[in-house]
Amino acid sequence: MSTLYLPAWSIGPDCYKEIYNIVRPYGRKAALIGGKISMEKALPHLKAALDDTDLELSEPIWFGGEASYENAAKLEAMPEVKDADMIFAVGGGRSVDTCKCAAGHLDKPVFTFPTLASNCASCTLLCVMYYPDGAMRDLFYPKRCPIHTFMDTTIIASSPSAYLWAGIGDSLAKEFESEMAARNDLASFQIQHAPLMGAALARCCTPAFLKFGEKAMEQIQNHEDGYELQQVTLAIVITAGLVSNLTVETHGAYFYNDSLAHCFYYGTTVCPGAHKHLHGEVVSLGILVLLTLDGQIERRNSLFPFYKAIGLPMTLDAIELTEADMPTLLDKCVAQKNWYYVPSPVTREQFEQAIWDTDMAAKEWLAANK
């Protein structure tokens with residue numbers, strides 16, 4: 001027997017009006033956990049939506065600052081979390097993943113309230129866990145994904161534009177990584193129903209970003225809740241999140257959710273300069289490396305104008321990655337499971353060459369397209 005949980009969602013400037021009717025069947029007491037700034041932004045909206053109801057919110061609880069098992073354990077030990085019927089996870093990916101991890105250990109339902117559109121964590125099953133120093137650790141899987149994701153687009157429109165920008169870079173990887181990871185099984189049709197749907201859905205991400213990305217960036221820079229911003233938010237949070245939930249089997253039967261673009265990112269988490277850059281920012285450069293390694297040069301080059309238009313990194317200098325970092329980066333890359341999510345084995349030397357070839361090709365293109 002297999003059971004697959006998929007998320008539900010509400011989006012719009014008044015979507016918090018839906019909270020009570022959706023969450024109340026799960027209980028009456030909610031532990032409110034998240035980032036400090038995120039909770040400051042969301043709390044007035046939450047209180048306004050829940051006035052005159054019998055739903056009780058805890059006082060805001062900081063998630064700890066890093067998506068680590070140590071911070072999840074601290075949350076699990078708090079009486080206001082242990083005694084809650086449900087968890088309200090507020091903020092970005094690391095706060096939400098910490099909440100999902102704690103809720104998984106406590107067997108409590110999670111409802112998510114992203115305050116920025118930087119990744120799909122608010123509707124995915126998997127939790128990306130880090131060591132307290134910020135280096136990548138592993139993936140944790142609770143029993144099910146968040147029940148419902150509430151995206152108040154007035155809050156998202158007021159968030160720093162860099163997070164939407166990085167969210168585009170992260171989610172743009174879905175089509176290329178899922179196709180690479182699943183290629184052999186797709187070709188032989190030795191693939192189960194859920195990941196087959198996930199691989200097809202992954203192809204919906206790229207056109208949404210290419211069509212709406214520039215305008216969405218303009219809107220968020222002006223703190224405007226517009227149609228294009230909502231479409232890009234949906235592509236980052238929901239479309240990419242659905243792909244993740246459909247292409248990952250928690251017991252290891254299959255994993256097609258990511259490949260070498262995220263492997264490149266995990267490698268940079270131990271490089272001092274690159275580690276300072278946002279997750280999706282670095283993943284976007286990893287996409288170009290993946291396409292270079294895979295021989296998809298025309299497709300890689302077709303992305304260059306979009307990267308330049310919204311300022312995604314195209315060279316190693318853009319993420320402060322140096323030649324001296326390369327051995328450390330490669331050591332970390334080859335130790336990751338997604339190093340093997342490829343249609344044929346990749347050597348350390350091939351990956352390094354693809355990094356340098358990407359850097360050179362991008363510099364040549366930028367010089368010719370000033």
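**Charge pairs, pockets and backbone outliers in a predicted model**

Lys363 and Asp359 both belong to helix 16 (residues 348–368), where they stand 4 residues apart, about one turn of the helix. In this predicted model, the two side chains form a salt bridge in which the closest N and O atoms are 3.1 Å apart. The partners are unlike in their accessibility, since Lys363 is partly exposed, with a relative accessible area of 40%, whereas Asp359 is buried at 7%. Side chains of opposite charge can pair when their charged atoms come close.

The count for the model comes to 13 salt bridges. Among them is the pair of Glu66 and Arg94, with the closest N and O atoms 2.7 Å apart. This pair links distant parts of the chain, given that Glu66 is in the loop between strand 4 (61–62) and helix 3 while Arg94 is in helix 5, 28 residues apart. Glu66 has a relative accessibility of 11% and therefore counts as buried, while Arg94, with a relative accessible area of 27%, is partly exposed.

A further pairing of distant parts of the chain joins Glu320, in the loop between helix 14 (297–310) and helix 15 (326–334), to Lys276, in the loop between helix 12 and helix 13, with their positions 44 residues apart in the numbering. The N to O distance in the salt bridge of Glu320 and Lys276 is 3.3 Å. Here Lys276 counts as exposed, at 61% relative accessibility, and Glu320 is partly exposed, with a relative accessible area of 37%. In addition to these pairs, Glu179, Arg183 and Asp294 are linked in a network of salt bridges.

Two charged residues in buried positions were also examined. Glu76, which lies in helix 3 (residues 69–76), is buried yet has no salt bridge, and the nearest side chain of opposite charge, that of Lys82, is 9.8 Å away. With residues up to four places away in sequence not counted, Glu76 touches Lys82, Cys101, Ala102, His105 and Leu106. Lys174, placed in helix 8 (residues 173–188), has a relative accessible area of 7% and is therefore buried, the limit for this class being under 20%. When neighbours within four places in sequence are left aside, the contacts of Lys174 are with Ala202, Cys205, Ala240, Val243, Ser244 and Asn257. Although Lys174 and Asp258 are 84 residues apart in sequence, their C-alpha atoms are 7.0 Å apart in space.

Attention then turned to the pockets. Rolling a probe the size of a water molecule over the atoms shows where empty space is left. The largest pocket has a volume of about 1,000 Å³, and of the 49 residues that line the largest pocket, those closest to its centre are Gly92, Gly93, Arg94, Ser118 and Asn119. Arg94 is thus found both in this central group and in the salt bridge with Glu66. Two or more residues are given to the lining of the largest pocket by each of helix 2 (36–50), helix 5 (93–106), strand 7 (127–130), helix 7 (161–171), helix 11 (227–247), helix 12 (260–268) and helix 13 (279–293). The largest share, 5 residues, comes from helix 5. When the lining of the largest pocket is divided by class, 18 residues are nonpolar, 21 are polar and 10 are charged.

For the second largest pocket the volume is about 490 Å³. Of the 20 residues in its lining, Ser2, Thr3, Leu4, Glu249 and Thr250 are the closest to the centre. By class, the lining of the second largest pocket holds 10 nonpolar, 7 polar and 3 charged residues.

The backbone angles add a further point. Most residues other than glycine have a negative phi, and most peptide bonds are trans. Asp107, which is not a glycine, nevertheless has a positive phi of about 60°. Asp107 is found in the loop between helix 5 and strand 6 (110–114), and with a relative accessible area of 55% Asp107 is exposed. Glu320 likewise has a positive phi, near 60°, in a residue other than glycine, and lies in the loop between helix 14 and helix 15. The residue with this phi value is also the salt-bridge partner of Lys276, and its relative accessibility of 37% places Glu320 in the partly exposed class.

Definitions and conventions: Residues are numbered from 1 along each chain as its sequence is written. This is a predicted model: local features need pLDDT of at least 70, side-chain atom pairs count only at pLDDT 80 or more; totals for chains, interfaces and linings use all residues. Side-chain values use heavy atoms; hydrogens and water are left out. On a 1 Å grid over the protein atoms alone, a cavity is a set of points where a 1.4 Å probe fits but cannot get out, and a pocket is an open set with protein on both sides within 12 Å along at least five of seven lines; lining residues have an atom within 4 Å of a point. Grid points are joined across faces, edges and corners, and a volume is the space filled by probe spheres set on the points. Ala, Val, Leu, Ile, Met, Phe, Trp, Tyr, Cys and Pro count as nonpolar, Asp, Glu, Lys and Arg as charged, and the others, Gly among them, as polar. Buried means under 20% relative accessible area, exposed over 50%, partly exposed in between (1.4 Å probe, protein chains only). Lys and Arg count as positive and Asp and Glu as negative; His and the chain ends are not counted. A salt bridge is a side-chain nitrogen of Lys or Arg within 4 Å of a carboxyl oxygen of Asp or Glu. Contact means heavy atoms within 4.5 Å.
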